[in-house]
Amino acid sequence: MSTPPVAAADHAFEVWAPRPRRVRLWLEGAVHAMRRGTGDWWRVTAPASPGARYGFLLDDDETVLPDPRSPRQPDGVHGPSALIPEVDGPRWAGRALRGAVVYELHIGAFTPEGTFDAAIERLPHLRDLGVGFVQVMPVNAFNGEHGWGYDGVGWFAVHEPYGGPSGLERFVAAAHDLGLGVLLDVVHNHLGPSGNYLGRFGPYETDGANSWGRTINLSGEGSAEVRRFLLDDIGWWLRRYGVDGLRLDAVHALVDHSDRHILQDAAALAASLSADLGRPLALVAESDLNDPRLVTATELGGCGLAAQWNDDVHHAIHTIVSGERQGYYADFGSPECLATVLTEGFFHAGTYSSFRGRTHGERIDPARVAPSQLLAYTCTHDQVGNRARGDRPAAYLTDGQLAVKAALVLFSAFTPMLFMGEEWGARTPFRFFTSHPEPELARATAEGRKAEFAEHGWPPGDVPDPQDPETFAVSHLDWSEPASPEHARLLETHRALIALRRDPALAADDLRAVACDHPGEATWFAVHRGDLTLVVNFSPSPVAAPFDGSPVLSWEEPSIADGATTVPGHSFVVLRRGT
(Lines give C-alpha, C1' and ligand atoms only; values in the text may rest on other atoms or scores of the structure.)
Protein backbone atom coordinates (compact mmCIF):
# COMPACT_ATOMS: atom_id res chain seq x y z
CA MET A 1 0.00 0.00 0.00
CA SER A 2 1.57 3.30 -1.04
CA THR A 3 1.89 6.19 1.40
CA PRO A 4 -0.33 9.12 0.43
CA PRO A 5 1.58 12.30 -0.43
CA VAL A 6 1.84 14.94 2.28
CA ALA A 7 -0.43 17.88 1.48
CA ALA A 8 1.25 21.16 0.73
CA ALA A 9 1.08 23.76 3.48
CA ASP A 10 2.13 27.39 3.64
CA HIS A 11 5.86 27.62 4.24
CA ALA A 12 7.80 30.78 5.07
CA PHE A 13 10.88 31.08 2.86
CA GLU A 14 13.55 33.58 3.86
CA VAL A 15 17.14 34.34 2.94
CA TRP A 16 19.68 36.92 4.03
CA ALA A 17 20.90 38.60 0.86
CA PRO A 18 22.26 42.16 1.19
CA ARG A 19 24.13 42.08 -2.14
CA PRO A 20 21.48 41.52 -4.84
CA ARG A 21 18.89 44.16 -5.74
CA ARG A 22 16.21 41.55 -6.41
CA VAL A 23 15.59 38.04 -5.04
CA ARG A 24 13.01 35.56 -6.28
CA LEU A 25 12.04 32.17 -4.92
CA TRP A 26 12.11 29.25 -7.34
CA LEU A 27 9.80 26.52 -6.01
CA GLU A 28 9.18 23.36 -8.00
CA GLY A 29 9.44 25.31 -11.27
CA ALA A 30 7.28 28.22 -10.18
CA VAL A 31 8.80 31.64 -9.46
CA HIS A 32 7.64 33.89 -6.60
CA ALA A 33 8.71 37.46 -5.93
CA MET A 34 10.30 38.05 -2.53
CA ARG A 35 10.18 41.23 -0.44
CA ARG A 36 13.25 42.74 1.21
CA GLY A 37 12.67 43.30 4.91
CA THR A 38 14.58 44.43 7.96
CA GLY A 39 18.26 43.62 7.93
CA ASP A 40 18.29 42.59 4.25
CA TRP A 41 16.22 39.47 4.87
CA TRP A 42 14.03 38.57 1.90
CA ARG A 43 10.79 36.72 2.63
CA VAL A 44 7.80 35.12 0.95
CA THR A 45 5.21 32.51 1.97
CA ALA A 46 4.21 29.80 -0.49
CA PRO A 47 2.56 26.35 -0.29
CA ALA A 48 5.14 23.53 -0.20
CA SER A 49 5.46 19.94 0.99
CA PRO A 50 8.41 18.22 2.68
CA GLY A 51 10.80 17.24 -0.08
CA ALA A 52 9.84 20.17 -2.32
CA ARG A 53 12.73 21.49 -4.39
CA TYR A 54 13.45 25.18 -4.10
CA GLY A 55 16.18 27.78 -4.57
CA PHE A 56 16.74 31.46 -5.20
CA LEU A 57 17.19 33.65 -8.29
CA LEU A 58 19.36 36.71 -7.73
CA ASP A 59 18.87 39.89 -9.76
CA ASP A 60 18.32 38.99 -13.44
CA ASP A 61 20.24 35.71 -13.31
CA GLU A 62 17.97 32.75 -14.04
CA THR A 63 20.36 30.27 -12.39
CA VAL A 64 18.71 28.60 -9.40
CA LEU A 65 21.05 28.86 -6.42
CA PRO A 66 20.74 26.62 -3.35
CA ASP A 67 19.64 28.08 -0.03
CA PRO A 68 22.65 29.09 2.13
CA ARG A 69 20.83 27.32 4.97
CA SER A 70 19.70 24.42 2.82
CA PRO A 71 18.69 21.40 4.94
CA ARG A 72 19.12 19.01 2.02
CA GLN A 73 20.82 18.93 -1.39
CA PRO A 74 19.34 15.82 -3.04
CA ASP A 75 20.91 16.55 -6.44
CA GLY A 76 24.30 17.70 -5.15
CA VAL A 77 25.66 21.02 -3.99
CA HIS A 78 25.03 22.73 -7.35
CA GLY A 79 21.37 21.74 -7.51
CA PRO A 80 18.29 23.15 -5.80
CA SER A 81 17.64 22.68 -2.11
CA ALA A 82 14.87 20.53 -0.65
CA LEU A 83 12.67 20.92 2.41
CA ILE A 84 12.77 18.34 5.19
CA PRO A 85 10.29 17.84 8.04
CA GLU A 86 10.72 20.29 10.91
CA VAL A 87 11.26 18.00 13.90
CA ASP A 88 13.51 18.05 16.92
CA GLY A 89 16.09 15.33 17.44
CA PRO A 90 15.43 12.26 19.60
CA ARG A 91 15.19 12.70 23.34
CA TRP A 92 17.57 10.72 25.50
CA ALA A 93 19.31 11.31 28.80
CA GLY A 94 22.70 11.87 27.21
CA ARG A 95 26.07 11.20 28.79
CA ALA A 96 29.11 13.17 29.90
CA LEU A 97 32.04 13.39 27.51
CA ARG A 98 34.92 13.90 29.89
CA GLY A 99 36.72 10.62 30.63
CA ALA A 100 34.66 8.58 28.17
CA VAL A 101 36.34 6.78 25.27
CA VAL A 102 35.80 8.54 21.92
CA TYR A 103 35.97 6.67 18.60
CA GLU A 104 36.59 8.67 15.43
CA LEU A 105 35.26 7.28 12.15
CA HIS A 106 34.63 8.27 8.55
CA ILE A 107 31.19 7.18 7.35
CA GLY A 108 32.37 6.58 3.77
CA ALA A 109 35.32 4.36 4.74
CA PHE A 110 34.04 2.73 7.95
CA THR A 111 32.21 0.06 5.95
CA PRO A 112 32.37 -1.19 2.35
CA GLU A 113 28.97 0.37 1.65
CA GLY A 114 29.99 3.74 3.10
CA THR A 115 26.55 4.72 4.42
CA PHE A 116 24.95 5.60 7.74
CA ASP A 117 22.85 2.42 7.61
CA ALA A 118 25.90 0.22 7.08
CA ALA A 119 27.70 1.99 9.94
CA ILE A 120 24.72 1.28 12.21
CA GLU A 121 25.37 -2.45 11.79
CA ARG A 122 28.85 -1.99 13.30
CA LEU A 123 27.82 0.09 16.31
CA PRO A 124 27.44 -2.98 18.59
CA HIS A 125 31.16 -3.60 18.04
CA LEU A 126 31.87 -0.16 19.51
CA ARG A 127 29.53 -0.70 22.45
CA ASP A 128 31.21 -4.02 23.24
CA LEU A 129 34.61 -2.37 22.96
CA GLY A 130 33.61 0.05 25.70
CA VAL A 131 33.33 3.19 23.59
CA GLY A 132 31.29 6.06 25.00
CA PHE A 133 31.13 8.42 22.02
CA VAL A 134 31.30 8.04 18.26
CA GLN A 135 32.93 11.05 16.59
CA VAL A 136 31.92 11.26 12.93
CA MET A 137 34.10 13.09 10.43
CA PRO A 138 32.22 15.85 8.54
CA VAL A 139 28.99 14.80 6.84
CA ASN A 140 27.84 18.21 5.61
CA ALA A 141 27.22 18.55 1.89
CA PHE A 142 30.29 18.74 -0.38
CA ASN A 143 30.79 18.24 -4.09
CA GLY A 144 31.64 14.76 -5.36
CA GLU A 145 30.76 11.29 -4.16
CA HIS A 146 33.48 10.79 -1.55
CA GLY A 147 36.05 12.82 0.35
CA TRP A 148 37.16 13.64 3.85
CA GLY A 149 34.37 16.21 4.13
CA TYR A 150 36.42 19.24 5.13
CA ASP A 151 35.57 21.06 1.90
CA GLY A 152 31.87 21.31 2.63
CA VAL A 153 29.72 24.12 1.27
CA GLY A 154 26.30 23.11 2.61
CA TRP A 155 26.77 23.65 6.32
CA PHE A 156 23.21 22.63 7.23
CA ALA A 157 22.80 19.77 4.72
CA VAL A 158 23.84 16.10 5.06
CA HIS A 159 25.93 14.49 2.31
CA GLU A 160 23.47 12.53 0.16
CA PRO A 161 25.68 9.51 -0.74
CA TYR A 162 25.94 8.71 3.00
CA GLY A 163 22.16 8.55 3.32
CA GLY A 164 21.12 12.19 3.62
CA PRO A 165 19.21 13.67 6.55
CA SER A 166 17.14 10.56 7.26
CA GLY A 167 20.27 8.42 7.31
CA LEU A 168 21.89 10.64 9.94
CA GLU A 169 18.67 10.56 11.96
CA ARG A 170 18.73 6.76 11.99
CA PHE A 171 22.43 6.67 12.87
CA VAL A 172 22.04 8.99 15.86
CA ALA A 173 18.98 7.10 17.09
CA ALA A 174 20.74 3.74 16.77
CA ALA A 175 23.79 5.02 18.64
CA HIS A 176 21.64 6.38 21.44
CA ASP A 177 19.76 3.09 21.69
CA LEU A 178 23.12 1.44 22.43
CA GLY A 179 24.11 4.09 24.95
CA LEU A 180 26.59 5.75 22.62
CA GLY A 181 26.85 9.51 22.34
CA VAL A 182 27.48 11.10 18.94
CA LEU A 183 29.94 13.89 18.20
CA LEU A 184 29.87 15.47 14.77
CA ASP A 185 32.87 17.12 13.14
CA VAL A 186 31.96 20.51 11.65
CA VAL A 187 34.06 22.98 9.64
CA HIS A 188 33.41 26.69 10.13
CA ASN A 189 36.83 28.13 9.28
CA HIS A 190 36.44 28.08 5.47
CA LEU A 191 34.19 26.88 2.65
CA GLY A 192 35.00 24.34 -0.04
CA PRO A 193 36.07 25.31 -3.57
CA SER A 194 33.09 23.84 -5.41
CA GLY A 195 29.48 24.82 -4.82
CA ASN A 196 30.14 27.84 -2.63
CA TYR A 197 27.57 30.43 -3.70
CA LEU A 198 27.40 32.32 -0.40
CA GLY A 199 29.33 35.30 -1.76
CA ARG A 200 26.49 35.95 -4.22
CA PHE A 201 24.17 36.52 -1.28
CA GLY A 202 26.29 38.42 1.23
CA PRO A 203 29.72 39.04 2.81
CA TYR A 204 30.23 35.59 4.26
CA GLU A 205 33.96 35.62 3.55
CA THR A 206 36.81 38.13 3.85
CA ASP A 207 39.73 38.94 1.57
CA GLY A 208 42.03 37.07 3.96
CA ALA A 209 42.83 33.39 3.64
CA ASN A 210 44.01 30.44 5.69
CA SER A 211 45.53 27.15 4.57
CA TRP A 212 42.28 25.92 3.04
CA GLY A 213 40.47 28.96 1.63
CA ARG A 214 39.17 32.43 2.33
CA THR A 215 38.48 33.20 5.98
CA ILE A 216 34.96 33.57 7.29
CA ASN A 217 33.77 37.11 8.03
CA LEU A 218 33.39 37.11 11.81
CA SER A 219 34.17 40.74 12.63
CA GLY A 220 33.97 42.83 9.45
CA GLU A 221 31.08 44.64 7.82
CA GLY A 222 27.98 42.46 7.77
CA SER A 223 29.53 39.98 10.21
CA ALA A 224 26.61 40.00 12.65
CA GLU A 225 24.51 37.86 10.30
CA VAL A 226 27.50 35.66 9.43
CA ARG A 227 28.07 35.00 13.14
CA ARG A 228 24.39 34.19 13.46
CA PHE A 229 24.73 31.82 10.49
CA LEU A 230 27.58 29.94 12.21
CA LEU A 231 25.84 29.78 15.58
CA ASP A 232 22.57 28.66 14.00
CA ASP A 233 24.47 25.85 12.32
CA ILE A 234 25.78 24.69 15.70
CA GLY A 235 22.27 24.77 17.12
CA TRP A 236 20.89 22.97 14.06
CA TRP A 237 23.01 19.85 14.54
CA LEU A 238 22.53 19.74 18.31
CA ARG A 239 18.77 20.23 18.28
CA ARG A 240 17.52 18.97 14.91
CA TYR A 241 19.59 15.78 14.79
CA GLY A 242 20.10 15.26 18.51
CA VAL A 243 23.88 14.89 18.36
CA ASP A 244 25.63 15.22 21.70
CA GLY A 245 28.39 17.56 20.69
CA LEU A 246 30.47 18.99 17.90
CA ARG A 247 34.17 18.85 17.10
CA LEU A 248 35.03 22.32 15.81
CA ASP A 249 37.68 22.01 13.13
CA ALA A 250 40.82 24.18 13.32
CA VAL A 251 39.43 26.93 15.52
CA HIS A 252 42.77 28.74 15.29
CA ALA A 253 41.70 29.66 11.73
CA LEU A 254 38.60 31.49 12.99
CA VAL A 255 39.77 35.09 12.67
CA ASP A 256 37.66 37.16 15.03
CA HIS A 257 38.57 40.68 16.17
CA SER A 258 35.30 41.23 18.02
CA ASP A 259 35.20 42.13 21.71
CA ARG A 260 33.62 38.73 22.34
CA HIS A 261 35.08 35.79 20.40
CA ILE A 262 32.67 33.64 18.41
CA LEU A 263 33.77 30.59 20.45
CA GLN A 264 32.48 32.23 23.63
CA ASP A 265 29.13 32.71 21.92
CA ALA A 266 29.22 29.10 20.75
CA ALA A 267 29.91 27.84 24.28
CA ALA A 268 27.07 29.96 25.67
CA LEU A 269 24.72 28.60 23.01
CA ALA A 270 25.66 25.00 23.84
CA ALA A 271 25.11 25.64 27.54
CA SER A 272 21.69 27.18 26.87
CA LEU A 273 20.65 24.31 24.62
CA SER A 274 21.92 21.80 27.17
CA ALA A 275 19.65 23.31 29.82
CA ASP A 276 16.74 23.42 27.37
CA LEU A 277 17.16 19.84 26.16
CA GLY A 278 18.04 18.41 29.57
CA ARG A 279 21.18 16.56 28.49
CA PRO A 280 24.92 17.28 28.32
CA LEU A 281 26.24 18.93 25.17
CA ALA A 282 29.94 19.33 24.38
CA LEU A 283 31.86 21.54 21.99
CA VAL A 284 35.36 20.17 21.35
CA ALA A 285 38.00 22.33 19.71
CA GLU A 286 40.75 21.30 17.36
CA SER A 287 43.47 23.89 17.74
CA ASP A 288 47.11 24.35 16.80
CA LEU A 289 47.70 26.92 19.52
CA ASN A 290 48.18 24.91 22.74
CA ASP A 291 46.01 27.57 24.35
CA PRO A 292 44.28 26.48 27.56
CA ARG A 293 41.95 29.48 27.38
CA LEU A 294 39.83 27.55 24.88
CA VAL A 295 38.64 25.23 27.65
CA THR A 296 38.91 27.65 30.55
CA ALA A 297 35.57 28.74 31.98
CA THR A 298 34.23 32.03 30.62
CA GLU A 299 34.03 33.53 34.11
CA LEU A 300 37.79 32.96 34.34
CA GLY A 301 38.45 34.68 31.03
CA GLY A 302 38.30 31.64 28.76
CA CYS A 303 36.10 30.55 25.87
CA GLY A 304 34.27 27.93 27.92
CA LEU A 305 34.50 25.01 25.48
CA ALA A 306 34.18 21.52 26.92
CA ALA A 307 37.41 20.01 25.59
CA GLN A 308 40.14 20.24 22.97
CA TRP A 309 42.32 17.86 21.00
CA ASN A 310 45.90 17.57 22.24
CA ASP A 311 48.39 16.72 19.50
CA ASP A 312 51.29 16.94 21.96
CA VAL A 313 50.18 13.64 23.51
CA HIS A 314 50.21 12.00 20.09
CA HIS A 315 53.63 13.39 19.23
CA ALA A 316 55.20 12.45 22.57
CA ILE A 317 53.96 8.85 22.46
CA HIS A 318 54.43 8.26 18.74
CA THR A 319 58.03 9.50 18.65
CA ILE A 320 59.26 7.56 21.67
CA VAL A 321 57.67 4.34 20.40
CA SER A 322 58.38 4.67 16.66
CA GLY A 323 61.64 6.64 16.67
CA GLU A 324 60.33 9.02 13.98
CA ARG A 325 61.61 12.60 14.31
CA GLN A 326 60.78 14.30 10.99
CA GLY A 327 58.85 17.53 10.61
CA TYR A 328 56.91 18.62 13.68
CA TYR A 329 58.16 15.55 15.61
CA ALA A 330 61.64 17.09 15.96
CA ASP A 331 61.22 18.35 19.54
CA PHE A 332 59.58 15.17 20.79
CA GLY A 333 60.83 11.66 21.59
CA SER A 334 62.48 11.74 25.02
CA PRO A 335 61.18 10.23 28.28
CA GLU A 336 61.27 13.74 29.76
CA CYS A 337 58.98 14.97 26.99
CA LEU A 338 56.52 12.15 27.62
CA ALA A 339 56.59 12.80 31.36
CA THR A 340 55.89 16.50 30.79
CA VAL A 341 52.93 15.77 28.56
CA LEU A 342 51.37 13.21 30.89
CA THR A 343 51.72 15.45 33.95
CA GLU A 344 51.23 18.93 32.50
CA GLY A 345 49.12 18.38 29.37
CA PHE A 346 51.15 20.36 26.84
CA PHE A 347 54.82 19.92 25.95
CA HIS A 348 55.06 23.24 24.16
CA ALA A 349 53.79 25.62 26.83
CA GLY A 350 55.66 28.86 26.36
CA THR A 351 58.64 26.89 25.04
CA TYR A 352 60.59 27.07 21.79
CA SER A 353 59.21 25.02 18.88
CA SER A 354 61.92 24.26 16.34
CA PHE A 355 59.29 23.32 13.72
CA ARG A 356 57.61 26.72 14.05
CA GLY A 357 60.81 28.65 14.74
CA ARG A 358 59.25 30.47 17.69
CA THR A 359 57.96 30.15 21.22
CA HIS A 360 54.69 28.26 21.26
CA GLY A 361 51.84 27.45 23.61
CA GLU A 362 50.90 28.35 27.15
CA ARG A 363 51.13 26.40 30.41
CA ILE A 364 47.96 24.78 31.73
CA ASP A 365 46.83 25.87 35.20
CA PRO A 366 45.55 22.64 36.82
CA ALA A 367 43.26 24.71 39.01
CA ARG A 368 41.43 25.90 35.90
CA VAL A 369 41.69 23.04 33.39
CA ALA A 370 41.21 19.35 34.17
CA PRO A 371 43.11 16.66 32.22
CA SER A 372 39.84 15.15 31.00
CA GLN A 373 39.29 18.37 29.02
CA LEU A 374 42.14 17.25 26.74
CA LEU A 375 41.53 14.51 24.17
CA ALA A 376 44.51 12.14 23.87
CA TYR A 377 45.19 9.74 21.03
CA THR A 378 47.87 7.96 19.04
CA CYS A 379 45.87 7.89 15.79
CA THR A 380 43.51 10.36 14.13
CA HIS A 381 42.38 10.97 10.56
CA ASP A 382 45.07 13.65 10.37
CA GLN A 383 47.97 11.75 11.93
CA VAL A 384 47.32 8.74 9.67
CA GLY A 385 45.83 10.31 6.55
CA ASN A 386 48.39 13.08 6.34
CA ARG A 387 51.25 10.65 5.98
CA ALA A 388 52.26 10.29 2.34
CA ARG A 389 50.72 6.84 1.89
CA GLY A 390 48.23 6.98 4.74
CA ASP A 391 49.96 4.05 6.45
CA ARG A 392 48.80 3.23 9.94
CA PRO A 393 51.23 2.46 12.80
CA ALA A 394 50.37 -1.21 12.33
CA ALA A 395 52.28 -1.09 9.03
CA TYR A 396 55.62 -0.33 10.70
CA LEU A 397 55.31 -1.18 14.42
CA THR A 398 54.98 -4.49 16.23
CA ASP A 399 51.73 -5.46 17.93
CA GLY A 400 53.52 -5.01 21.23
CA GLN A 401 54.40 -1.42 20.34
CA LEU A 402 50.80 -0.79 19.38
CA ALA A 403 49.75 -2.18 22.76
CA VAL A 404 52.23 0.10 24.53
CA LYS A 405 50.81 3.14 22.75
CA ALA A 406 47.27 2.11 23.64
CA ALA A 407 48.20 1.58 27.29
CA LEU A 408 49.76 5.05 27.62
CA VAL A 409 46.62 6.73 26.24
CA LEU A 410 43.97 4.59 27.93
CA PHE A 411 45.74 4.62 31.32
CA SER A 412 46.08 8.41 31.22
CA ALA A 413 43.93 10.99 32.98
CA PHE A 414 42.93 12.47 29.62
CA THR A 415 39.80 11.69 27.61
CA PRO A 416 41.08 9.01 25.20
CA MET A 417 40.21 8.74 21.54
CA LEU A 418 40.73 5.88 19.07
CA PHE A 419 40.65 6.08 15.29
CA MET A 420 38.57 3.50 13.46
CA GLY A 421 40.32 0.12 13.24
CA GLU A 422 43.07 1.11 15.66
CA GLU A 423 41.65 -1.23 18.28
CA TRP A 424 42.57 -4.33 16.29
CA GLY A 425 45.66 -2.97 14.54
CA ALA A 426 44.00 -2.50 11.15
CA ARG A 427 46.40 -3.03 8.27
CA THR A 428 44.37 -1.05 5.75
CA PRO A 429 45.68 2.48 5.13
CA PHE A 430 43.62 5.61 5.52
CA ARG A 431 44.60 7.94 2.71
CA PHE A 432 43.59 11.41 1.67
CA PHE A 433 40.92 10.91 -1.02
CA THR A 434 38.78 13.24 -3.11
CA SER A 435 36.33 12.98 -6.01
CA HIS A 436 36.20 16.48 -7.44
CA PRO A 437 34.20 16.36 -10.71
CA GLU A 438 36.01 19.44 -12.04
CA PRO A 439 39.24 18.38 -13.85
CA GLU A 440 41.14 21.55 -12.96
CA LEU A 441 40.29 21.26 -9.27
CA ALA A 442 41.16 17.57 -9.31
CA ARG A 443 44.54 18.27 -10.88
CA ALA A 444 45.30 21.14 -8.49
CA THR A 445 44.45 18.95 -5.50
CA ALA A 446 46.75 16.15 -6.61
CA GLU A 447 49.64 18.52 -7.41
CA GLY A 448 49.20 20.42 -4.16
CA ARG A 449 49.28 17.21 -2.19
CA LYS A 450 52.59 16.17 -3.74
CA ALA A 451 54.12 19.60 -3.14
CA GLU A 452 53.02 19.53 0.49
CA PHE A 453 54.63 16.16 1.13
CA ALA A 454 57.81 17.12 -0.71
CA GLU A 455 58.40 19.68 2.05
CA HIS A 456 58.43 16.77 4.53
CA GLY A 457 60.87 14.69 2.50
CA TRP A 458 58.45 12.26 0.84
CA PRO A 459 59.15 11.73 -2.89
CA PRO A 460 56.22 12.63 -5.18
CA GLY A 461 56.06 9.02 -6.36
CA ASP A 462 55.12 7.92 -2.83
CA VAL A 463 52.00 10.11 -2.77
CA PRO A 464 48.87 8.42 -4.12
CA ASP A 465 46.62 10.48 -6.37
CA PRO A 466 43.69 11.49 -4.13
CA GLN A 467 41.42 11.42 -7.18
CA ASP A 468 42.25 7.80 -8.04
CA PRO A 469 39.23 5.65 -7.03
CA GLU A 470 41.67 3.06 -5.70
CA THR A 471 42.95 5.58 -3.14
CA PHE A 472 39.49 5.64 -1.63
CA ALA A 473 38.87 1.91 -2.07
CA VAL A 474 41.95 0.79 -0.11
CA SER A 475 41.04 3.16 2.73
CA HIS A 476 37.98 1.13 3.73
CA LEU A 477 38.24 -0.94 6.88
CA ASP A 478 38.51 -4.69 6.39
CA TRP A 479 35.95 -6.10 8.81
CA SER A 480 37.31 -9.62 8.43
CA GLU A 481 40.41 -8.51 10.39
CA PRO A 482 38.98 -8.15 13.91
CA ALA A 483 37.57 -11.68 13.73
CA SER A 484 40.96 -13.19 12.80
CA PRO A 485 43.41 -14.63 15.35
CA GLU A 486 46.08 -12.26 14.03
CA HIS A 487 44.14 -9.26 15.37
CA ALA A 488 42.10 -10.76 18.21
CA ARG A 489 44.76 -10.32 20.90
CA LEU A 490 45.21 -6.60 20.29
CA LEU A 491 41.45 -6.11 20.17
CA GLU A 492 41.01 -7.89 23.50
CA THR A 493 43.81 -5.81 25.02
CA HIS A 494 42.02 -2.62 24.02
CA ARG A 495 38.81 -3.95 25.58
CA ALA A 496 40.65 -4.76 28.80
CA LEU A 497 42.40 -1.38 28.97
CA ILE A 498 39.09 0.43 28.42
CA ALA A 499 37.42 -1.69 31.11
CA LEU A 500 40.30 -0.86 33.48
CA ARG A 501 39.35 2.82 33.26
CA ARG A 502 36.42 2.00 35.57
CA ASP A 503 38.89 1.14 38.37
CA PRO A 504 38.63 3.67 41.24
CA ALA A 505 42.39 4.28 40.98
CA LEU A 506 41.85 5.86 37.56
CA ALA A 507 38.88 7.98 38.59
CA ALA A 508 40.84 11.08 39.71
CA ASP A 509 40.47 13.98 37.28
CA ASP A 510 43.50 15.92 38.43
CA LEU A 511 46.79 16.51 36.64
CA ARG A 512 48.60 16.42 39.95
CA ALA A 513 47.28 12.90 40.57
CA VAL A 514 49.52 11.61 37.77
CA ALA A 515 53.21 10.99 38.47
CA CYS A 516 55.80 9.65 36.03
CA ASP A 517 59.20 8.09 36.64
CA HIS A 518 61.89 7.35 34.13
CA PRO A 519 65.59 6.54 34.59
CA GLY A 520 67.19 8.98 32.19
CA GLU A 521 67.59 7.33 28.81
CA ALA A 522 66.62 3.83 29.93
CA THR A 523 63.92 2.00 28.02
CA TRP A 524 61.24 1.66 30.71
CA PHE A 525 58.72 4.28 31.69
CA ALA A 526 56.24 4.20 34.57
CA VAL A 527 53.03 6.09 35.32
CA HIS A 528 51.44 6.02 38.79
CA ARG A 529 47.74 6.64 39.32
CA GLY A 530 46.31 5.82 42.72
CA ASP A 531 47.55 2.37 43.71
CA LEU A 532 48.07 1.34 40.08
CA THR A 533 51.34 1.63 38.16
CA LEU A 534 51.71 1.26 34.42
CA VAL A 535 55.19 0.15 33.35
CA VAL A 536 56.01 0.13 29.64
CA ASN A 537 59.09 -1.16 27.83
CA PHE A 538 59.93 0.70 24.62
CA SER A 539 62.82 -1.62 23.66
CA PRO A 540 62.69 -5.05 22.00
CA SER A 541 64.62 -6.60 24.93
CA PRO A 542 63.41 -7.31 28.50
CA VAL A 543 64.07 -4.59 31.06
CA ALA A 544 63.77 -4.54 34.87
CA ALA A 545 61.91 -1.64 36.53
CA PRO A 546 62.09 -0.99 40.31
CA PHE A 547 58.43 -1.63 41.04
CA ASP A 548 56.52 -4.63 42.29
CA GLY A 549 52.94 -5.51 42.99
CA SER A 550 50.18 -7.74 41.68
CA PRO A 551 49.81 -7.81 37.87
CA VAL A 552 46.38 -6.57 36.78
CA LEU A 553 46.87 -6.51 33.00
CA SER A 554 49.80 -7.04 30.67
CA TRP A 555 50.74 -7.61 27.03
CA GLU A 556 53.38 -10.21 27.81
CA GLU A 557 53.71 -11.95 31.18
CA PRO A 558 56.16 -10.05 33.41
CA SER A 559 58.56 -11.50 35.97
CA ILE A 560 58.38 -10.02 39.48
CA ALA A 561 61.10 -10.67 42.06
CA ASP A 562 63.15 -8.81 44.67
CA GLY A 563 61.15 -5.62 44.41
CA ALA A 564 61.50 -5.32 40.63
CA THR A 565 59.38 -6.16 37.60
CA THR A 566 60.99 -7.43 34.43
CA VAL A 567 58.88 -6.39 31.45
CA PRO A 568 59.39 -8.28 28.16
CA GLY A 569 60.35 -6.31 25.06
CA HIS A 570 57.69 -4.09 23.46
CA SER A 571 55.26 -4.75 26.26
CA PHE A 572 53.50 -3.22 29.24
CA VAL A 573 52.18 -4.30 32.61
CA VAL A 574 49.74 -2.68 35.03
CA LEU A 575 50.61 -3.42 38.66
CA ARG A 576 48.55 -2.90 41.78
CA ARG A 577 50.99 -1.82 44.42
CA GLY A 578 50.84 -2.80 48.07
CA THR A 579 49.48 -6.31 47.39
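**Exercise 1.** Is Glu324 buried or exposed, and what is its relative accessible area?

*Solution.* The model is predicted. Glu324 has a relative accessible area of 15%. Buried means under 20%, so Glu324 is buried.

**Exercise 2.** Find which side chain meets Glu324 in a salt bridge, and locate both residues along the chain.

*Solution.* Step one: the partner is Arg387, with an N to O distance of 2.9 Å. Step two: Arg387 sits in the loop between helix 10 (381–385) and helix 11 (399–410), while Glu324 sits in the loop between helix 8 (311–322) and helix 9 (335–344). The two residues are 63 residues apart, and their pair links distant parts of the chain. Step three: Arg387 is buried, at a relative accessible area of 9%.

**Exercise 3.** Work out which strands the salt bridge between Arg247 and Asp185 ties together.

*Solution.* The closest N and O atoms of Arg247 and Asp185 are 3.1 Å apart. Arg247 belongs to strand 15 (residues 245–248) and Asp185 to strand 12 (residues 181–186), so the pair joins parts 62 residues apart in sequence. For accessibility, Arg247 is buried at 0%, and Asp185 is buried at 2%.

**Exercise 4.** Classify the accessibility of Asp40 and of Arg36.

*Solution.* Their side chains form a salt bridge at 2.7 Å, N to O. Asp40 has a relative accessible area of 27%, which makes this residue partly exposed. Arg36, at 34%, is also partly exposed.

**Exercise 5.** State how many salt bridges the whole structure holds, and name the members of a network of them.

*Solution.* The search of the whole structure gives 35 salt bridges. Arg69, Glu225, Arg228 and Asp232 are linked in a network.

Note on methods: Residues are numbered from 1 along each chain as its sequence is written. This is a predicted model: local features need pLDDT of at least 70, side-chain atom pairs count only at pLDDT 80 or more; totals for chains, interfaces and linings use all residues. Side-chain values use heavy atoms; hydrogens and water are left out. A salt bridge is a side-chain nitrogen of Lys or Arg within 4 Å of a carboxyl oxygen of Asp or Glu. Buried means under 20% relative accessible area, exposed over 50%, partly exposed in between (1.4 Å probe, protein chains only). Helices (H or I, at least four residues) and strands (E, at least two) are DSSP runs, numbered from the N terminus.
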